[in-house]
Amino acid sequence: MGRVQGKVAFITGAARGQGRSHAVRLAEEGADIIAVDICQDIDSIGYPMATPEDLEETVRLVQKAGRRIVAVHSDVRDAAQMRAAVERGIAELGKLDIVIAQAGIAGMKGEPPIQAWSDVVDTNLVGVINTVQAALPHLPEGASIIATGSTAALMNLEGADITPGKDLGGVAYVFAKRALSQYMHFLATHIAPRKIRANVVHPTNCDTPMLQSEPMYRSFRPDLDKPTRQDAEPAFHVQQAMPIPFVDPVDISNAVLFLASDESRYVTGMQLRVDGGGYLKWYDFSI
């Protein structure tokens, strides 16, 4: 019997990367999936978003694992679209037990900067809130809510190059991940009497299209005009205490699976780091 056998999980950003990995991993352990993704580019973001074909591949992989899936093209920035996606999924799959607010974008070097700021905050913070708010009325006792943060939300950034106005999209990413962590903390406190859990998983660099993108390469190698993956990958190591450039999506999915399962039935309000020691390396205990 799977670790989430018979449960239904609502996952945003499910077309590729970590979202797809979470969908497949939970399906392998017995969950049916409501998969949401915008499946279109965002103009201010300097790398391609997932495509409808990517979401179709997630559907194929979940079905290959023997589970049902409802896939919806929806934008987490739109609360009404989130409500509609949840309602459609429940209508087809019967219930909702797990919420994984995974959808996120990296706004590093985004243009125009003000729009990049808005798009990142709307996706990475407001999108999490929209996802949770759409799901909450439907969640039973024992349900689990999981949001994707970032090691960047936990770092002491003193000395980092955060010159005001220089990279609003990049700063928005840090702000949004910190704010969603606080949101989930207070949410966990106030839904605990209902025996519903809320936790955050904080990945370090994760080997997805977000990391493997030209804006991210430029962020890690600002000394080069047009850095490539080969140029940037050695610099990825700076983020972790362990001698690794990044973790794999399944490393995050395994943590998500634990938090989604009854194995973590009394774990709530957790800020769980899957970061190769990045927090150990960058956190200043004098703060």
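**Exercise 1. Give the strand order of the open sheet, and name its edge strands.**

Step 1. Seven strands form the open sheet, with parallel pairing, in the order β3-β2-β1-β4-β5-β6-β7. Strands are DSSP runs (E, at least two residues) and helices are DSSP runs (H or I, at least four residues), numbered from the N terminus. Two strands pair if DSSP finds at least two bridges between them.

Step 2. β3 (69–73) and β7 (271–274) each pair on one side only, which makes them the edge strands.

Step 3. From one strand to the next, the twist averages 15°. Axes here are lines fitted to C-alpha atoms, and angles run from 0 to 180 degrees between N-to-C directions.

The model is predicted: local features need pLDDT of at least 70, side-chain atom pairs count only at pLDDT 80 or more, and totals for chains, interfaces and linings use all residues. Residues are numbered from 1 along each chain as its sequence is written, and side-chain values use heavy atoms, leaving out hydrogens and water.

**Exercise 2. Place strand β2 between its partners, and decide whether its residues are buried or exposed.**

Step 1. β2 (residues 32–37) is joined to β3 by five bridges, and the two run parallel. Isoleucine 34 has valine 70 of β3 as its bridge partner.

Step 2. β1 (residues 8–12) also pairs with β2 in the parallel sense, over five bridges. Here phenylalanine 10 stands opposite isoleucine 34.

Step 3. In a regular strand, side chains alternate between the two faces of the sheet. In β2, Asp32, Ile34 and Val36 point one way, while Ile33, Ala35 and Asp37 point the other way.

Step 4. Six of the six β2 residues are buried (under 20% relative accessible area, 1.4 Å probe, protein chains only; exposed is over 50%, partly exposed in between), so the strand is largely enclosed by the rest of the structure.

**Exercise 3. Classify the ring pair of tyrosine 217 and phenylalanine 236, and say which parts it ties together.**

Step 1. Rings of Phe, Tyr and Trp (its six-membered ring) pair if their centres lie within 6.5 Å; planes under 30 degrees apart count as stacked, over 60 as edge-to-face and the rest as tilted. By this rule there are four aromatic pairs.

Step 2. The centres of these two rings are 6.4 Å apart and the planes lie at 35°, so the pair is tilted.

Step 3. Tyrosine 217 is in helix α6 (residues 214–220) and phenylalanine 236 in helix α7 (residues 229–236), so the pair ties together parts 19 residues apart in sequence.

Step 4. Tyrosine 217 counts as buried at 10% relative accessibility, and phenylalanine 236 at 0%.

Step 5. Tyr217, Phe220, Phe236 and Phe246 make up one aromatic cluster.
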